[in-house]
Amino acid sequence: MATMRRSITGLAALSRAFDATAAATNPAPHRLAQAAVYTTSCNPNSTARSHWFTRDRLAGNLGLGARSATHGVAGTVLFSAAASSLAQEAHAKEPPQAKDLIPKDVVLYQYEACPFCNKVKAFLDYYHIPYKIVEVNPISKKEIKWSDYKKVPILMVDGEQMVDSSDIVNKLYQRIHPESPIDPDGDEEVTKWRRWVDNHLVHVLSPNIYRTTSEALESFDYITSHGNFSFTERMVAKYAGAAAMYFVSKKLKKKHNITNERASLYEAAETWVNALDGREFLGGSVPNLADLAVFGVLRPIRHLKSGRDMVEHTRIGEWYTRMEGTMGRSTRTEE
């Protein structure tokens with residue numbers, strides 16, 4: 001009987017692994033350049049609070065800069081389907097929460113290129129919470145005119161407005177774990193690393209994303225192809241925005257005492273790997289809220305040169321690949 005139970009357990013884990021693996025207007029140019037750095041207004045943790053920035057204030061207020069360029073993987077590390085399946089078997093996702101605790105109607109107002117929006121999406125995906133997406137036009141913001149809060153992410157949960165990515169995650173966690181405190185399995189460790197994400201990791205991204213003119217164009221090519229841009233807006237934003245952010249990123253380097261962009265990115269990646277201290281995840285056998293925060297914030301550079309370089313020159317690739325496998329399929333639903 002014990003052998004049979006082990007066989008059944010192994011088959012169930014393999015089934016879960018297989019399932020997860022199988023899922024795989026015409027504004028002036030300077031306004032569009034401002035739109036190109038819209039990710040500043042998606043940073044609820046930044047000390048900067050203005051919605052739009054003049055050229056003189058841009059560098060000082062940008063916090064994260066244009067935390068942009070989303071959807072991709074730190075891509076040069078290749079793992080076979082078999083290895084991915086084994087990782088899945090060992091690190092299956094947490095089971096769905098009780099149905100009466102899962103929100104019924106969840107809508108995320110976002111910029112696709114915003115890492116803080118991606119942080120919220122990582123939480124929703126991991127905890128199997130279905131959600132709809134409303135892409136906000138960074139120029140007009142017409143999609144959130146109804147809200148007094150003019151930044152993203154904004155999450156509507158069964159009619160309740162939630163703002164600030166970290167607060168959103170905290171409230172959702174408490175909602176689906178009513179008996180458990182925030183960061184239950186890490187005590188101060190999880191809180192420390194979640195703060196590190198918001199106060200340090202995000203600040204090394206922009207100088208890397210816009211390090212060269214070609215990298216800046218690569219970033220804006222993605223941004224303008226996924227936002228609510230007309231053809232004219234798309235062209236102007238791509239070239240004017242990329243040029244503007246190339247120069248702004250140089251100011252951000254000085255503001256955050258960054259002398260070498262890639263070295264700072266690699267150091268941040270290695271700092272995170274060291275924090276794991278040999279664990280599969282910071283949470284041990286399964287990710288915790290700090291793992292989800294780092295993974296979400298890094299999503300915007302997945303397919304970019306900076307992200308590819310990060311994986312090639314640091315040890316973060318194995319953790320990132322484990323996270324991808326554990327996340328499984330997105331729970332985003334169609335409009």
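Good morning. I begin at the end of helix 11, which is followed by Asp-277, a residue whose phi is positive, near 55°. Before going further, I should say that the structure before you is a predicted model, and that every value I quote is computed from it.

Let me stay with helix 11. This helix covers residues 261–276. Its 16 residues reach 23 Å from the first C-alpha to the last, close to the 22 Å expected at 1.5 Å a residue. At its start, a side-chain oxygen of Asn-260 comes to within 3.2 Å of the backbone nitrogen of Arg-262. Which residues of helix 11 are buried? They are Glu-261, Arg-262, Ser-264, Leu-265, Tyr-266, Ala-268, Ala-269, Trp-272, Val-273, Ala-275 and Leu-276. As general background, an α-helix has 3.6 residues a turn, so residues three or four places apart point the same way.

I turn now to the charged residues. Side chains of opposite charge can pair when their charged atoms come close. In this model the count comes to twelve salt bridges, and I shall discuss three pairs.

The first pair returns us to the start of helix 11. Arg-262 forms a salt bridge with Glu-215, and the closest N and O atoms are 2.6 Å apart. Glu-215 belongs to helix 9, residues 213–226, while Arg-262 belongs to helix 11, so this pair ties together parts of the chain that are 47 residues apart in sequence. Are these two partners buried or exposed? Arg-262 has a relative accessible area of 5% and is buried; Glu-215, at 3%, is buried as well. The cut-off for that term is under 20% relative accessible area.

The second pair is Arg-315 with Glu-270, whose side chains meet in a salt bridge at 2.6 Å, N to O. Here too distant parts of the chain are linked: Glu-270 is in helix 11, and Arg-315 is in the loop between helix 13 (305–313) and helix 14 (316–327), 45 residues apart. Arg-315 is partly exposed, with a relative accessible area of 46%. Glu-270 also counts as partly exposed, at 22% relative accessibility.

The third pair joins Glu-280 and Arg-322, with the closest N and O atoms 3.3 Å apart. Glu-280 sits in the loop between helix 11 and helix 12 (289–298), and Arg-322 sits in helix 14, so far as sequence goes 42 residues apart. Glu-280 counts as partly exposed at 31% relative accessibility, whereas Arg-322 is buried, with a relative accessible area of 17%. Beyond the individual pairs, salt bridges that share partners join Glu-215, Arg-262, Lys-305 and Asp-309 into one network.

Next to Arg-315 in the sequence is a residue that deserves its own comment. Thr-314 is found in the loop between helix 13 and helix 14, and at 10% relative accessibility it counts as buried. What does the side chain of Thr-314 reach? A polar atom of this side chain lies 2.6 Å from the backbone oxygen of Met-310, and the side chain also reaches the backbone nitrogen of Ile-316 at 3.3 Å. Leaving aside neighbours within four places in sequence, Thr-314 is in contact with Tyr-266, Ala-269 and Glu-270. Glu-270, as you will recall, is the salt-bridge partner of Arg-315.

Helix 7, residues 188–199, also packs against helix 11. At 1.5 Å a residue, the twelve residues of helix 7 should span 16 Å, and the end C-alpha atoms are indeed 16 Å apart, which agrees. Its buried residues are Val-190, Trp-193, Arg-194, Trp-196, Val-197 and Asp-198. The buried residues of helix 7 pack against helix 5, helix 6 (165–176), helix 11 and helix 12.

Helix 5 leads us to the strands. Strand 1, residues 106–110, and strand 2, residues 132–135, pair in the parallel sense over four bridges. Between them the chain passes through helix 5, residues 115–126, and this β-α-β crossover is right-handed. Within the pairing, Leu-108 of the one strand stands opposite Ile-133 in strand 2.

I close with Ile-209, which is found in helix 8, residues 205–209. Ile-209 counts as buried, at 1% relative accessibility. Ile-209 and Met-245 are 36 residues apart in sequence, and their C-alpha atoms are 9.3 Å apart in space. Thank you.

Conventions. Residues numbered from 1 in each chain as written. Predicted model: local features only at pLDDT ≥ 70, side-chain atom pairs only at ≥ 80, totals over all residues. Heavy atoms only, no water. Pairing = 2+ DSSP bridges. Helix = DSSP H or I, 4+ residues; strand = E, 2+ residues; numbered from the N terminus. Right-handed = clockwise from strand over helix to strand, strands pointing away. Buried < 20%, exposed > 50% of the residue type's maximum accessible area, 1.4 Å probe, protein only. Salt bridge = Lys/Arg side-chain N within 4 Å of Asp/Glu carboxyl O. Expected span 1.5 Å × (residues − 1). Contact = heavy atoms within 4.5 Å. Polar contact = N/O pair within 3.5 Å; in protein donor to acceptor, adjacent residues only side chain to side chain.
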